[in-house]
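User: Please take a close look at one helix of this structure, and then follow outward from it to the parts that surround it. I would like one connected account rather than a list.

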Amino acid sequence: MPKWSNWSQSEQSKPAQLRFPRHIDDIRAIVAESAERGLTVRAAGSGHSHYRLVPTDDVIVDLTGMAGVVAVDESRLRARVRAGTPITALGRPLHDAGVGLLNQGDIDRQAIVGATSTGTHGTGTTLGNLSTGVTAMTMVMADGSVVECSDSQNQSLLEAARLGMGAFGIVTEVELTVRPAYRLAETGWEASYDALRPSIDELNETHRHFEFFWAPRSDTAAAKHLDITDEPAVYPVGEEGSRCNWSYEVLPNHRPHLHTEMEYAVAAEGSLECLDEIRNLLLNRFTDVYWPVEYRRVAADDVWLSQAYGQDVATISVHQGIDQPSEPFFRACEEVFLAYGGRPHWGKVHYLDGAQLAEAHPRWDDWWAARDAVDPTGVFLNDRMAGWRR
Ligand SMILES: Cc1cc2nc3c(=O)[nH]c(=O)nc-3n(C[C@H](O)[C@H](O)[C@H](O)COP(=O)(O)OP(=O)(O)OC[C@H]3O[C@@H](n4cnc5c(N)ncnc54)[C@H](O)[C@@H]3O)c2cc1C
């Protein structure tokens with residue numbers, strides 16, 4: 001029996017079938033056959049979600065074989081790419097075509113549609129998450145048909161499914177908004193939390209990107225800001241905190257230490273009080289946890305299930321080693337986040353049920369209605385997601 005696990009091994013599954021399609025017709029056949037046999041089909045990107053999104057006992061479709069840039073339209077600032085392309089494999093070909101992604105997360109190992117399907121984000125008060133940059137998708141639907149959705153065709157499907165968590169169909173290609181290729185200069189520094197805190201809002205307002213990791217043991221923050229620059233790129237690419245290179249060379253970082261993670265987004269205004277409470281939890285109650293807390297900003301958007309739907313947010317992430325107890329710590333953090341009206345990251349640990357998720361997301365019922373309309377029998381829902389339905 002095949003085995004599938006996520007990056008940290010915290011989520012595992014033994015599906016009846018683990019399929020590696022190389023062509024859209026392979027996907028159409030897999031979905032049509034599975035639907036006829038009443039089997040669940042879940043798409044897998046690079047397995048970097050900490051939440052039980054991909055696992056099913058039935059069929060997992062790994063998109064690794066569907067990778068590469070299809071076309072770049074430099075005048076419209078659009079790039080069409082295959083769904084399984086790792087973000088790391090986009091940088092150079094997009095650069096060669098004169099463009100770059102608007103923003104990226106902390107790492108670039110995710111498949112592009114794995115990232116857009118969960119609202120993966122970087123940091124920057126003016127920058128939306130990756131789902132906001134999706135302008136069109138090609139999707140294999142529950143009956144094996146192929147649907148194109150964009151501004152001009154099936155627009156409401158695009159609105160709902162661009163952050164779709166694999167529940168609408170299997171995306172084979174995605175079109176993204178890009179910008180002319182740009183270089184970033186990065187400046188990193190360390191400061192005590194008390195020294196950094198008064199300047200956090202200003203740093204967010206004055207830099208394209210600003211973020212920091214606060215470490216509980218030392219009560220210090222490793223901060224950095226990044227801005228677009230005309231300075232020449234410096235090779236070899238330096239260490240995190242000192243790079244001056246093309247965007248795709250500066251935005252991703254090396255995060256090799258296996259961990260599990262919870263992340264909530266709370267309204268940007270008041271987010272530092274929320275962070276203070278999380279800090280207190282670590283300093284006073286969960287003193288064994290030494291993993292840092294990350295603070296970032298994401299611009300408001302109109303993506304139905306986005307963490308930033310309708311409001312500018314700060315995202316606060318807490319981490320724990322995979323062989324250390326995480327649940328009591330994460331549950332205590334979740335209580336704080338919920339008191340601040342937080343919304344969980346879809347690809348990270350949370351303990352919310354369907355009713356709580358509906359409360360956090362104003363477009364929850366619209367999202368489910370759009371989903372159920374294209375997949376009435378739930379071919380694309382695993383048990384966890386089916387349990388969220390009202
Ligand atoms: C070390 C590390 C660093 C991270 N850094 C960040 C960060 O900086 N910012 C952030 O926001 N998140 C971050 N994450 C979380 C990560 O970006 C998300 O969980 C993302 O969804 C993972 O992408 P993936 O390709 O691994 O997708 P998977 O985890 O494999 O899948 C995620 C979802 O996408 C769906 N999916 C995948 N491919 C398709 C497809 N072709 N069609 C339809 N649905 C599809 C799956 O069904 C699933 O629901 C990080 C995670 C790790 C482990």
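Analyst: **Helix α1 and its surroundings**

In this predicted model, α1 is followed by Gly 38, which takes a positive phi, near 75°. The helix itself covers residues 24-36, and its 13 residues reach 18 Å from the first C-alpha to the last, close to the 18 Å expected at 1.5 Å a residue. Four of its residues are buried, namely Ile 27, Ile 30, Val 31 and Ser 34. Seen down the helix axis, these buried residues fall within an arc of 95°, so they line one face of α1. The cover over them includes the strands β3 (17-19), β4 (41-44), β5 (59-62), β9 (134-140) and β11 (170-180). Two of these strands, β9 and β11, lead on to other parts of the chain that deserve attention.

Consider β11 to begin with. The loop between α4 (155-161) and β11 holds Met 165, which has a positive phi of about 50° although it is not a glycine. Most residues other than glycine have a negative phi. Met 165 has a relative accessible area of 4%, and because under 20% counts as buried, this residue is placed among the buried ones. β11 itself also takes part in a pocket, since Leu 176 and Thr 177 are among the residues that line the second largest pocket and both numbers fall within the strand's range of 170-180. The rest of that lining is drawn from Leu 101, Leu 102, Asn 103, Thr 126, Leu 127, Gly 128, Asn 129, Leu 130, Thr 132 and Gly 133. The space in this pocket is about 190 Å³, and its lining divides into five nonpolar and seven polar residues, with no charged residue.

The strand β9 leads in another direction. Asp 143 lies in the loop between β9 and β10 (146-150), and with a relative accessibility of 59% this aspartate counts as exposed. Its C-alpha is separated by 42 Å from that of Cys 333, which is 190 residues away along the chain. Cys 333 is one of the buried residues of α9, alongside Phe 329, Phe 330, Ala 332, Glu 334, Val 336 and Phe 337. Helix α9 runs over residues 327-339, and its 13 residues reach 18 Å between the end C-alpha atoms, close to the 18 Å expected at 1.5 Å a residue. Just after this helix, Gly 341 has a positive phi of about 70°. β16 (259-267), α8 and β18 (313-321) are included in what covers the buried residues of α9.

One of those covering elements, α8, is a helix of 15 residues (271-285), for which 1.5 Å a residue gives an expected span of 21 Å; its end C-alpha atoms are 21 Å apart, which agrees. The buried residues of α8 are Ser 271, Leu 272, Cys 274, Leu 275, Asp 276, Ile 278, Arg 279, Leu 281 and Leu 282, a list that takes in Asp 276 and Arg 279 along with several leucines.

The interior can also be approached through its enclosed space. A search of the whole structure finds one cavity of 30 Å³ or more, and the space in the largest cavity is about 80 Å³. Of the 14 residues in its lining, Gln 104, Gly 105, Asp 106, Glu 211 and Leu 251 are the closest to the centre, and β13 (209-215) and β14 (220-229) are the elements that give two or more residues to the lining. The lining comprises three nonpolar, six polar and five charged residues.

The backbone around these two strands has its own points of interest. In the loop between β13 and β14 sits Asp 219, with a positive phi of about 55° although it is not a glycine; this residue is partly exposed, at a relative accessible area of 21%. In the loop between β14 and β15 (244-246) lies Pro 236, and the peptide bond that joins Tyr 235 to Pro 236 is cis, with omega near 0°. Most peptide bonds are trans.

Finally, a pairing across the chain can be added. Phe 380, in the loop between α11 (364-374) and α12 (383-386), counts as buried at 0% relative accessibility. Although 324 residues separate Phe 380 from Thr 56 in sequence, their C-alpha atoms are 9.9 Å apart in space.

Definitions and conventions. Residues numbered from 1 in each chain as written. Predicted model: local features only at pLDDT ≥ 70, side-chain atom pairs only at ≥ 80, totals over all residues. Heavy atoms only, no water. 1 Å grid on protein atoms, 1.4 Å probe; cavity = no way out; pocket = protein on both sides within 12 Å on 5 of 7 lines; lining within 4 Å. Points joined across faces, edges and corners; volume = space filled by probe spheres on them. Nonpolar A, V, L, I, M, F, W, Y, C, P; charged D, E, K, R; others polar. Expected span 1.5 Å × (residues − 1). Buried < 20%, exposed > 50% of the residue type's maximum accessible area, 1.4 Å probe, protein only. Arc of directions from axis to C-beta. Contact = heavy atoms within 4.5 Å.
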